[in-house]
Amino acid sequence: MLLGGCLGLAWVLGGQVLHDLAEGLDRDRLPLWKVVVPLVAVLLTSVIAVRRWAAPVCTRCGTASASTRPVPDAATRRAILRSATVAVVGTVGGFAAAVGRNRGWIAVGRTFIGPGIPTEAPEQEPAWQEARIRRYRRLGRTDAMISDISVGCGQLQDPEIAREAIARGVTYFDTSPDYSTAASERALGEAIQGHRHDLFLATKFCRPNGHLLDETPVPEVMAAVEASLTRLRTDHVDLIHIHSCDRVERLMAANIHEAFDRLKEQGKVRFLGVSTHTPNLERVAHAAIDSGRFDVMMLAYHFGMWPDFGNILEKAKAHDVGIVAMKTLKGAKHTNLASFRREADSYAQAAFRWVLSNPNVSSLVVSFAKPQHVDEYVAASGTPLTTADVRRLEHYDVLVRGDYCQPHCGVCLDSCPESLPINDVLRHRMYSKDYGRERDAMGLYAALERNASACITCPAPCQGQCPHGVPIRDAMLDAHRVLRLPA
Ligand code: SF4
Ligand code: SF4
């Protein structure tokens with residue numbers, strides 16, 4: 001029972017700290033006592049276990065007592081061994097409980113985080129040289145016209161790259177104090193001198209060590225933004241985001257909103273935004289629109305990652321909330337795929353054209369970390385999506401995720417003699433395996449009129465029918481294994 005209590009503490013307290021770390025909150029200000037408490041609880045539990053197991057049992061009443069007679073050495077050794085086992089089980093189990101509470105981040109991390117992966121094309125095309133921005137789009141109710149390809153400053157350290165982007169017509173720059181521990185804001189501040197009034201600058205409620213906590217006092221929030229203005233060498237930013245937001249409570253944190261209102265009155269910020277690419281993107285985005293407080297949302301635009309994404313974009317448009325897309329390269333794993341290497345040359349441009357083919361997207365930000373990014377990325381501006389682009393992106397998806405069923409497809413349905421809703425079954429499987437929504441997914445699966453149990457004995461005429469390479473029967477059997485309710 002004590003061990004169960006420890007695991008509960010780890011789930012609630014340790015899981016919260018792990019979540020906050022994943023969300024990027026200021027690590028210097030995180031309540032680390034929430035990690036210490038479960039560890040102390042495990043330690044105490046193992047001490048109690050030693051005392052209980054080492055204490056001899058009274059021969060008359062049967063209860064453990066430390067005073068009845070001396071403890072034999074062998075019993076003590078066994079007790080210490082068992083208590084050490086409790087400590088190990090408690091620590092490992094506690095860690096697993098904390099990770100389990102945050103399992104939704106696994107899909108996000110797998111999709112977007114790819115350290116050391118090159119993001120530029122292996123061969124730079126001569127035609128990309130001196131490319132210029134060809135299209136500017138309206139950013140929702142801010143009424144600003146911004147370049148369709150914009151600079152994400154996550155890796156910006158060299159002001160010359162930003163200067164070159166400005167020279168090519170890029171007008172939207174997105175930075176944050178925690179990008180390269182504020183070096184990004186400093187580099188951008190240097191680059192924009194003489195161009196400030198032609199540009200739309202976005203930064204974040206953040207310090208160099210991470211995002212501001214919900215309860216940060218209003219004067220401290222304002223001081224953090226003023227420090228950004230100093231580094232950017234400007235008297236105002238056009239947009240300030242609540243950064244990488246995964247919780248509606250953080251989205252609506254009263255202190256942050258009060259600080260924004262005061263800064264706006266002082267002319268130091270103009271518009272409020274939220275950026276999110278986190279497991280709760282859908283909930284956060286709906287809440288942001290419903291609140292009426294947000295002028296812009298910066299969202300990870302990744303087909304299939306969040307099923308409700310199309311509705312979110314339509315709703316944002318209806319409320320005139322500007323949309324900036326990010327994470328459009330899906331982690332840029334394309335350049336690591338040997339069989340995709342030849343096509344990878346133009347993968348980034350194809351991905352950009354696909355994102356910008358949605359008229360509800362105002363712009364996309366992509367990290368301009370190297371000089372060659374300016375040529376390659378800007379060359380995609382204002383160019384239409386082609387069927388070759390779509391083929392390339394689909395091929396990439398197949399290579400990256402051979403079992404990924406595109407939810408709106410349905411091409412294989414006629415091949416199934418059992419009339420199984422293959423795309424629905426595989427979508428529920430995706431909810432369970434990729435989004436960590438096991439319970440929802442099992443409920444949805446249980447509600448289907450026909451499920452994949454029919455696949456067990458079927459000769460599988462569906463095999464080879466998926467143009468996206470999904471091995472349908474195997475995926476359906478896996479779905480049935482993962483989603484069926486326990487007997
Ligand atoms: S294996 Fe399953 S999905 Fe495929 S044809 Fe048979 S019943 Fe339908
Ligand atoms: S399995 Fe393939 S063909 Fe069938 S719905 Fe999914 S993506 Fe389309």
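How do the residues of the shell around ligand 1 divide into nonpolar, polar and charged? Before the answer, a word on the model: it is predicted, so local features need pLDDT of at least 70 and side-chain atom pairs count only at pLDDT 80 or more, while totals for chains, interfaces and linings use all residues. Residues are numbered from 1 along each chain as its sequence is written, and chains are lettered from A and ligands numbered from 1 in the order in which they are written.

The shell around ligand 1 divides into 11 nonpolar residues, no polar ones and two charged ones, where Ala, Val, Leu, Ile, Met, Phe, Trp, Tyr, Cys and Pro count as nonpolar, Asp, Glu, Lys and Arg as charged, and the others, Gly among them, as polar. Of the 13 residues around this ligand, Cys416, Cys455, Cys458, Cys462 and Arg473 come nearest (a residue is near a molecule or strand if its C-beta atom, placed from the backbone, lies within 6 Å of it). Helix α18, residues 472-483, gives the largest share of the shell, three residues; helices (H or I, at least four residues) and strands (E, at least two) are DSSP runs, numbered from the N terminus.

We turn next to strand β3. In a regular strand the side chains alternate between the two faces of the sheet. In β3, residues 149-152, Ile149 and Val151 point one way and Ser150 and Gly152 the other way, and all are buried, a word used if 20 or more other C-beta atoms lie within 10 Å of a residue's own, with exposed used for 12 or fewer and partly exposed in between, the C-beta atoms being placed from the backbone. Strand β3 runs parallel to β12 (residues 363-367), to which four bridges join it, and also parallel to β4 (residues 172-174), to which two bridges join it; two strands pair if DSSP finds at least two bridges between them. Glycine 152 has serine 367 as its bridge partner in β12 and aspartate 174 as its bridge partner in β4.

Helix α5 comes next. The buried residues of α5 are Ile161, Ala162 and Ala165. Seen down the axis of α5, these residues fall within an arc of 95°, so they line one face of the helix (the arc is that of the directions from the helix axis to the C-beta atoms). The face turned away from this buried side carries the exposed residues Glu160 and Ala167, and just after α5, glycine 169 takes a positive phi of about 105°.
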